[in-house]
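Hello,

I am passing on the structure we spoke about. Please open it alongside this message and follow the notes below.

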Amino acid sequence: MNHVIQADVCIVGGGPAGAMLGLLLAKQSDLEVVVLEQHQAFQREFRGESISQGSVAILDVLGIMDNLKQHGYLQVEGLEMYDKGEKIFSVNFHEFSYEQKFIIDLPQPVLIGAILDKASGYPNFHLKMGATGVELFEEQGLIKGVVYREKSGELVTVNSSVVVDASGRYTRIREMAGIHAKIDHFKRDAVWFRVPRPEGWESATRIKVDGHQHLIILPTYPDQLRVGINIAKGAYQEFRKQDISIFYDTVCRLEPQLDGIVQEHIQSWKDTVLLDIFTAEVSQWSRDGLVLIGDSAHTVSPILGQGVNLAIQDAYELAPVIIDFLAKNPKTVMPQEAFQSFQLRRQEFVSFIQGFQADQEKDLMAETEEDMSKRRMKMQMLDQSPMKVELATKMAYGIFRESLMKVY
Ligand SMILES: Cc1cc2nc3c(=O)[nH]c(=O)nc-3n(C[C@H](O)[C@H](O)[C@H](O)COP(=O)(O)OP(=O)(O)OC[C@H]3O[C@@H](n4cnc5c(N)ncnc54)[C@H](O)[C@@H]3O)c2cc1C
């Protein structure tokens with residue numbers, strides 16, 4: 001028989017969503033919280049490194065920013081979009097009226113490490129590394145826990161009132177629970193690479209568009225740029241058969257300032273990483289005893305780096321729901337209804353982000369001269385619109401705009 005652990009909450013996945021929820025529950029209640037993470041360490045390549053302003057404010061309130069400051073991070077102060085080299089849109093984050101004005105950029109393992117470091121100070125927080133959730137423990141339609149496999153191969157069952165699936169874009173827990181996701185593959189993939197940041201490069205995200213191609217250039221801690229270039233869906237393997245000079249030509253046509261740097265630092269296709277861009281829409285985020293958060297509930301496109309933001313903000317909204325319910329109904333399997341208002345509140349913002357990203361992607365893919373000129377006009381109009389800062393504020397701070405006003 002499996003070894004059995006008793007807990008109140010079992011979180012599968014120690015990414016930004018799972019780590020943050022674990023911290024909030026351990027800090028704000030006496031609930032016994034177990035976080036399962038399949039990896040032994042949090043080293044990960046090319047994951048969300050830009051943390052939006054609303055999440056920075058949450059990290060600040062929780063006292064985590066002090067730890068991050070000690071490590072060091074990069075402050076991103078604006079966003080600029082160029083069409084054929086001409087600036088057609090920009091947002092200056094100095095214009096935001098909240099205290100946390102800037103995106104911060106730092107390696108994801110540092111962020112997760114700082115959150116878990118804080119959480120490990122609470123005796124009711126238990127992190128299991130190298131622990132892979134392999135099965136849901138279900139009785140009469142109620143999810144009552146998770147079976148996980150330790151590195152040694154031993155199986156352990158965690159009995160809990162609620163299982164939180166925070167296991168990311170490739171979640172298997174969602175499938176085990178029979179929850180359907182509508183997966184929508186974008187018509188294009190992205191190829192990512194890193195190069196050193198040229199001297200004097202301003203601290204702003206750049207989107208460089210020319211015809212149907214674009215680059216997203218993100219200043220990255222400590223002295224690099226993360227660059228994403230779009231390619232046709234499924235074309236990466238074909239690309240890799242071609243000479244790398246084709247890649248250099250496309251990158252340098254879109255961003256002449258990278259000429260010389262990209263040739264020096266990207267010597268072969270091996271220095272690039274493919275990102276399969278898809279979105280996942282889930283209409284039901286919970287069952288009796290189970291709730292989904294982060295990428296597992298809503299994978300979004302990497303345009304405007306919102307994945308980490310959504311994950312952290314999901315955790316921030318879900319923690320009081322679990323704490324309130326289990327304070328009134330200890331040791332009870334949380335029913336699906338208990339998660340409905342959480343889902344509704346979060347879905348409103350997630351839908352806004354997904355809609356905005358789909359719109360952006362459609363515009364960036366413009367093939368005809370007419371569509372390209374419409375895109376240009378649209379961005380130029382938005383640039384002049386009084387709505388610009390309001391829209392950017394909504395994106396940056398999420399639904400937390402009002403509550404942040406109270407916090408500071
Ligand atoms: C190339 C790339 C660039 C990105 N850039 C940005 C960016 O700049 N800004 C931004 O905001 N977002 C960005 N994102 C998105 C962002 O990384 C994700 O949205 C975010 O990490 C989601 O957090 P999460 O906690 O939901 O899931 P994840 O970060 O995926 O964490 C899930 C965790 O669960 C673990 N896990 C999975 N299955 C199991 C299991 N069965 N048992 C135990 N553990 C399990 C995984 O090992 C992982 O640690 C990017 C994504 C990619 C792929």
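The notes below go through helix packing, two sheets, and a few residues with unusual backbone geometry.

Please keep in mind that this is a predicted model.

Helix packing

Two packed helices are described by the angle between their axes and the distance between the axes. Two pairs, with helix H10 in both, are described here in that way.

The first pair is helix H9 (residues 307-328) and H10, whose axes come within 10 Å and cross at roughly 165 degrees. An angle over 145 degrees counts as roughly antiparallel, so H9 is roughly antiparallel to H10. The crossing of H9 and H10 is right-handed. On the H9 side, the contact is made by Leu310, Gln313, Asp314, Glu317, Leu318 and Val321. On the H10 side, Phe342, Arg345, Arg346, Phe349, Val350 and Ile353 take part. Sorted by class, the contact of H9 with H10 has seven nonpolar residues, one polar residue and four charged residues.

The second pair is helix H10 (residues 340-364) with helix H12 (residues 387-397), which pack at an angle of about 120 degrees with their axes 11 Å apart. At that angle, H10 is oblique to H12. The crossing of H10 and H12 is left-handed. Here Phe349, Phe352, Ile353 and Phe356 in H10 meet Leu391, Lys394 and Met395 in H12. By class, the contact of H10 with H12 has six nonpolar residues, one charged residue and no polar residues.

Phe349 and Ile353 of H10 appear in the contact with H9, and Phe349 and Ile353 also meet H12.

Within H12, the buried residues are Lys388, Ala392, Thr393, Met395, Ala396 and Tyr397. Among them, Met395 is also in the contact with H10. Just after H12, Gly398 takes a positive phi of about 65 degrees.

Sheets

Strands of a sheet pair through backbone hydrogen bonds, either parallel or antiparallel.

One open sheet has four strands in the order E1-E12-E11-E10, and its pairing is mixed. Strand E1 (3-6) and strand E10 (132-139) stand at the edges with a single partner strand each, so one side of each is left without a neighbour in the sheet. From one strand to the next, the twist averages 30 degrees. E10 and strand E11 (residues 142-149) run antiparallel and are joined by seven bridges. As a place to check this on screen, take Gly133, whose bridge partner in E11 is Tyr148.

Arg149 is also in strand E11. Is Arg149 buried, exposed or partly exposed? Its relative accessibility is 40%, so Arg149 counts as partly exposed. Leaving aside its neighbours within four places in sequence, Arg149 is in contact with Gly130, Ala131, Thr132, Val134, Glu154 and Leu155. Arg149 and Thr220 are 71 residues apart along the chain, and their C-alpha atoms are separated by 36 Å.

Another open sheet has three strands in the order E4-E8-E5, with antiparallel pairing. Strand E4 (50-51) and strand E5 (74-76) are at the edges of this sheet, each with a single partner strand, so one side of each is left without a neighbour in the sheet. Three bridges join E5 to strand E8 (residues 103-105), and these two run antiparallel. In E8, Ile104 stands opposite Gln75.

Backbone exceptions

Most residues other than glycine have a negative phi, and most peptide bonds are trans. Some places in the model depart from this.

Gln140 has a phi near 45 degrees, a positive value in a residue other than glycine. Gln140 is found in the loop between E10 and E11, the two strands joined by seven bridges. With a relative accessibility of 83%, Gln140 counts as exposed.

Lys331 also has a positive phi, of about 55 degrees, although it is not a glycine. Lys331 lies in the loop between H9 and H10, the helix pair whose crossing is right-handed. Its relative accessibility is 66%, so Lys331 counts as exposed.

Which peptide bond is cis? The bond from Tyr221 to Pro222 is cis, with omega near -5 degrees. Pro222 lies in the loop between strand E17 (213-220) and strand E18 (224-232).

Regards

Technical notes:
Residues numbered from 1 in each chain as written. Predicted model: local features only at pLDDT ≥ 70, side-chain atom pairs only at ≥ 80, totals over all residues. Heavy atoms only, no water. Axes fitted to C-alpha atoms, helices over the stretch in contact; angles between N-to-C directions. Parallel < 35°, antiparallel > 145°, perpendicular 65-115°, else oblique. Left-handed = near helix turned anticlockwise from the far one by under 90°. Contact = heavy atoms within 4.5 Å. Nonpolar A, V, L, I, M, F, W, Y, C, P; charged D, E, K, R; others polar. Pairing = 2+ DSSP bridges. Buried < 20%, exposed > 50% of the residue type's maximum accessible area, 1.4 Å probe, protein only.
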